[in-house]
Amino acid sequence: MAGPALRIPLRLLLALGLALLVLTVGVTAWWGLFGMRSLNEKLALAHADLFERARLMNEARSALSGIDRATLNHVLASVRSEMEACEVVVRESDAVFSDRLQRLSAQPLTPRGRQLLDSVSVLAGRIEPVRQRMLLLSAAGRDGEVLSLRQQQWKPVVEEMDAAMAAFAAFQDARLDAERRDAGILYRRSVGQAVAAVCGVLVLALLAYALSTGLVNRALRDFIQATQEFARGNFGHRIRPQAGRELSRLAGALNTMAEERQRSDAERERLTEELRRKNEELEQIVYAASHDLRSPLVSVEGFTSELKTAVGDLLSVVHVENLPEPLLERVSRIVEHEIPEAVNYIEAGTRKMSSLLDGLLRLSRLGRVPVKLEELDMNGLVAQAVAALGYASRQAGATVEVGELPRCRGDGAMVGQVFSNLLENAVKYRTPKRAPFIRVTGRRQGALVEYCVEDNGVGIPPRLHGKVFELFHQVDPRGSPGEGLGLAIVTRILGRLGGSVRLESEPGEGSRFYVSLPAA
Amino acid sequence: MLKREVVILIAEDDDAHASLIRRNLERAGIVNEQHVLSDGQAVIDFLFCQGEGPHRRSGVPYLLLLDIRMPGVDGIEVLRRVKEDKELRKMPVIMVTTTDDPREVERCHGLGCSNYVTKPVDYRQFVEAIRRLGLFLLVVEVPRINGEGGQAD
């Protein structure tokens, strides 16, 4: 039988597989649709931050450049108003510069970014005093000193600041690129995973399908083989354990059926064998008994005959000798009447005994004599049986009427015996109240022919309807001659010919024996 | 007439049957010496010259009427042993029995009996069977056992 793991119903297995497939596809789709969108959003946000930082730094750079140019213009200006205009530009640019650096400082920065920003702030603190000195020197007309100061202390610092700020912007750009690259990798990886998941589920589903159809096909092949084996009569064949509850139940049911059949076959064989043995034993007993009984009968009959011969001799002697009249009369009575009467009774007894033994032997041989099946002309066969009845029926004053009888299939000698026995019984069990009337009829009934032997004799009480077919059973043993074998032989013969016999009778009214035989 | 010197052995356990057979053989005109043996063992002892009882005489031709159903050693066994002996096998054996079972008849003929007579209950049939047996005995040439074989007077 299948293990517990294999007891899961196939239907449930398939449903589970389908649900898994749908779930996986759904999750993957959700991941694709929503997961990707959120990834993109995150990426866009990161982009915006980086852009913003780069923008702020570039604006700070522009402001620094503005301060540089305005300071130079201020130094070079010769008109007061021009100087003031330059100073306004410096103040505005410085405000922008400070503002942008402050805003950048407020942003979450990497250590590298923070370092660059800090260095810019430190440098910015150093250039303002240099600018004031340059303006003072310029106002004093010391242009040569202004230029050298600008060349030595202002310009390198401003350039260093610009470089740091450019580096910061470049760093942000690099980070942006890196972010983009990472996002791309992440995206591609996600898509790859999703595709792999879908493929995996598809492969799993295919495997599950192949497995389940494979199991069903294997089961069907097993069942076909099993039914072929059973049809061949091989009920020792067993179906191997099947996966799936329904299949294993079907296999179990078929195996149980085969087991039952095997058991009943064995039982039937045993009973048949027992019956055969019993039958053989019984036939052996009947055979031996009838032979051993025949031996003394041979003596009785043989010596009865001897006695008759001797009496005949004695009679001739008596007539030859001249005996006195009274003595002659007495001897004559003994020799001519009393002894012959005794001899007659002995002979009748031995005849009956002999016919009894013959009947027994016939019965024991019925099972051994081969049956010769042929189409039988029942009109001729029954006419013969009626003719054989001859003396007995004439003596009883019986009328026998035979109707048109359909043909049947059987063994001529055996079927003739059946009708002889039934006709003999019909004459034998007549009633003194009326003249015996016997009628034989027949009619086709499907695959069978049913013949009826009807009489108006003594009839048989219902309680004896089964008994009369038994061996040596006689309804009234004192009232009628015979060995009580006739109907037993009838039953036995019909059993061998595939026929049957049944009885309808009312005591005092008569009997009807129905004989069924296969139609010709 | 059957040659006088042939001795008829009647192997029959039933005295009545033996008597009937004797009477009817005589009535049929057979007056040869008859010797009744009451069972199979007695027949074996007589023929093979063993045991207490009478033994066969050398040089005398015998004819055996053999009943099949006898207590102890039965007729079939006697027939088998007679037919196995290279001297005794020349002796004619006629099975006399109540059995008319074809298989039994077949078996006896297979073992080599000369004839087979069924004991009918009908006395007239029996006499007829014996008479036929007598006629058979009249024409058969019975060899001497341990002698010179077929004997003519």
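In which loop of chain B does B:C49 lie? B:C49 lies in the loop that runs between α2 (40-47) and β3 (62-67) of chain B, where helices (H or I, at least four residues) and strands (E, at least two) are DSSP runs numbered from the N terminus. The phi angle of B:C49 is near 55 degrees, a positive value in a residue other than glycine. With a relative accessibility of 39%, B:C49 counts as partly exposed, given that buried means under 20% relative accessible area, exposed over 50%, and partly exposed in between (1.4 Å probe, protein chains only).

This is a predicted model, in which local features need pLDDT of at least 70 and side-chain atom pairs count only at pLDDT 80 or more, while totals for chains, interfaces and linings use all residues. Residues are numbered from 1 along each chain as its sequence is written, chains are lettered from A and ligands numbered from 1 in the order in which they are written, and side-chain values use heavy atoms, with hydrogens and water left out.

**Chain A and its cores**

Chain A holds nine helices and seven strands, and of its 520 residues 36% count as buried. Contact means heavy atoms within 4.5 Å; among contacts in chain A between residues at least 6 apart in sequence, 73% join residues at least 24 apart.

A nonpolar core is a set of buried Ala, Val, Leu, Ile, Met, Phe, Trp, Tyr and Cys residues joined through side-chain atoms within 4.5 Å. The largest such core has 41 residues, and A:M378, A:F419 and A:Y451 are those with the most contacts inside it. Elements of chain A that each supply at least two residues of this core include α6, α7 (378-396), β4 (437-445) and β5 (448-455), while α8(A) gives the most, with eight residues. Once neighbours within four places in sequence are left aside, A:M378 is in contact with A:L405, A:P406, A:R407, A:C408, A:V415, A:F419 and A:Y451. A second, separate core of 32 residues includes A:L104, A:V130, A:L135 and A:L137.

**The interface of chain A and chain B**

The size of an interface is often given as the accessible area lost when the parts come together. Buried area is here the accessible area (1.4 Å probe) that two parts lose on being put together, summed over both; chain A and chain B bury about 1700 Å² between them, 52% of it on carbon and sulfur atoms. On the side of chain A, the residues that lose the most area to chain B are A:V298, A:F303 and A:E306, together 32% of what that side buries. In terms of contacts, 17 residues of chain A meet 20 residues of chain B.

A salt bridge is a side-chain nitrogen of Lys or Arg within 4 Å of a carboxyl oxygen of Asp or Glu, and the rule finds two of them across this interface. One salt bridge joins the side chains of A:D292 and B:R69 (3.1 Å, N to O). Four residue pairs, with both residues at pLDDT 80 or more, are in polar contact between the two chains; such a contact is a pair of N or O atoms within 3.5 Å, where within protein one must be able to donate a hydrogen and the other to accept it, and residues adjacent in sequence count only if both atoms are side-chain atoms. The elements giving two or more residues to the side of chain A that touches chain B are α5 (245-320) and α6 (325-366) of chain A, with α5(A) giving the most, 14 residues.

**Buried polar side chains**

A:S505 is found in strand β6 of chain A and is buried, with a relative accessible area of 9%. A:Q242, in the loop between α4 (143-231) and α5 of chain A, counts as buried at 2% relative accessibility. Polar contacts of these two side chains are set out below.

| Side chain | Partner | Distance |
|---|---|---|
| A:S505 | A:I460, backbone nitrogen | 2.8 Å |
| A:S505 | A:S511, side chain | 3.1 Å |
| A:Q242 | A:D222, side chain | 2.6 Å |
| A:Q242 | A:R240, backbone oxygen | 3.3 Å |

Returning to chain B, B:D45 has its place in helix α2 and counts as buried at 19% relative accessibility. The C-alpha atoms of B:D45 and B:H55, 10 residues apart along the chain, are separated by 6.9 Å. Leaving aside neighbours within four places in sequence, B:D45 is in contact with B:Q50, B:G51 and B:H55.
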